[in-house]
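Biologist: Please take a close look at a single part of this model, and then carry the account on from there in one connected answer.

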Amino acid sequence: MSSLSPQSFTAITDLFHRISGIRLTEAKRALVQSRLQKLAADSGESDLNVFVQKMVRGQLSEDMLVSVVDKLTTNETYFFREPAHFEDLARRAGAHRATGGAGGAGEFLVWSGASSSGEEAYSIAMVLADKLGTAPWTIHGTDLSTTVVDSARQGLYPMERARDTSKDYLRRFCLRGEGPYEGQLLIMKELRARVKFQCANLMQPLPALPLFDVIFLRNVLIYFDASAKRAIVERVIERLKPGGVLYPGHAESLAALDLPLKAIAPAIYQHA
Ligand SMILES: C[S@@+](CC[C@H](N)C(=O)[O-])C[C@H]1O[C@@H](n2cnc3c(N)ncnc32)[C@H](O)[C@@H]1O
């Protein structure tokens, strides 16, 4: 298979930027090339640059475009990543329970805004099941990539992704795989039923979503330039309840964005 020419690299990364808002730099050239080579080969195209040319001219199917976007996104995630957020969530859910959802708060709603394969959303679900039990609560998980949204719905994971999950939560909320599923865990049905996954591109108008008590928007803003990052956060905080909080990743400060957000703890912002 041919290697990716500088023109093709620019063409495909410009296309990806227009769709996802993510700018892939020269440092990602080898990764882009290897991920596209596999797709090109699978589609029967032996020349990678011809494959890219067809892609940017819109001569390939919509499904192939979705596959390219899927391949170029970074989906790294695991259960209970950045644990301080889950501790804060547990406190908020506990306070919600103590007041019986008073002040019209009602159902406790959480959004995992770049949910990848679902580990973040199910970690939230374990905390809410623990703190709120059978009271009304729901989690929404959204992501750009159709592949990860499909796998999130299944709730089946290699055991090592749960290395930071407590034994108590593993016992109460996960099933240990046996036979052909050895080394994997399945999120229990009762928890899966509380988490709704769908595709959503943060760069575009959002689908119909309720107002949330807590929004996780972690380890995704890092990929955007300042103006895209601002536009995304502005759109996302429209979905926060009054007094609700937004958690970006700990490496993703929102301080310079000049938005009505008040930092109340490291990587925790309240709609001001
Ligand atoms: C590194 S993962 C972060 C997963 C999880 N939030 C965490 O912190 O572990 C980043 C996710 O952002 C998604 N993503 C990238 N661009 C996006 C966009 N424009 N709209 C929605 N999701 C996007 C990717 O598909 C990927 O699953």
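Modeller: Glu45 counts as buried because its relative accessibility is 16%; buried means under 20% relative accessible area, exposed over 50%, and partly exposed in between, with a 1.4 Å probe and protein chains only. The model is predicted, so local features need pLDDT of at least 70 and side-chain atom pairs count only at pLDDT 80 or more, while totals for chains, interfaces and linings use all residues. Residues are numbered from 1 along each chain as its sequence is written, and side-chain values use heavy atoms, with hydrogens and water left out.

Glu45 lies in the loop between helix 2 and helix 3 (48–56); helices (H or I, at least four residues) and strands (E, at least two) are DSSP runs numbered from the N terminus. From this loop, the side chain of Glu45 reaches the backbone nitrogen of Asp47 at 3.2 Å. This is a polar contact, meaning a pair of N or O atoms within 3.5 Å; within protein, one must be able to donate a hydrogen and the other to accept it, and residues adjacent in sequence count only if both atoms are side-chain atoms.

Helix 2 (residues 29–42) packs against helix 4 (residues 62–72) at an angle of about 145°, with the axes 10 Å apart. Here axes are lines fitted to C-alpha atoms, for helices over the stretch in contact, and angles run from 0 to 180 degrees between N-to-C directions. Val32, Arg35, Leu36 and Leu39 of helix 2 meet Met64, Ser67, Val68, Lys71 and Leu72 of helix 4, where contact means heavy atoms within 4.5 Å. By class, this contact has six nonpolar, one polar and two charged residues; Ala, Val, Leu, Ile, Met, Phe, Trp, Tyr, Cys and Pro count as nonpolar, Asp, Glu, Lys and Arg as charged, and the others, Gly among them, as polar.

A second buried residue is Trp111, at 0% relative accessibility. Trp111 is found in strand 1 (residues 108–112). Not counting residues up to four places away in sequence, Trp111 touches several residues, including His140, Leu202, Phe212 and Val236. The C-alpha atoms of Trp111 and Val236 are separated by 9.9 Å, although the two residues are 125 residues apart along the chain. The side chains of Trp111 and Thr142 are joined by a polar contact of 3.0 Å.

Burial also appears in helix 7 (residues 146–154), where Val148, Val149 and Ala152 are buried. The covering of these residues includes helix 6 (119–132), strand 2 (137–143), strand 3 (156–158) and strand 6 (195–199). Gly155 follows helix 7 and has a positive phi, near 70°.
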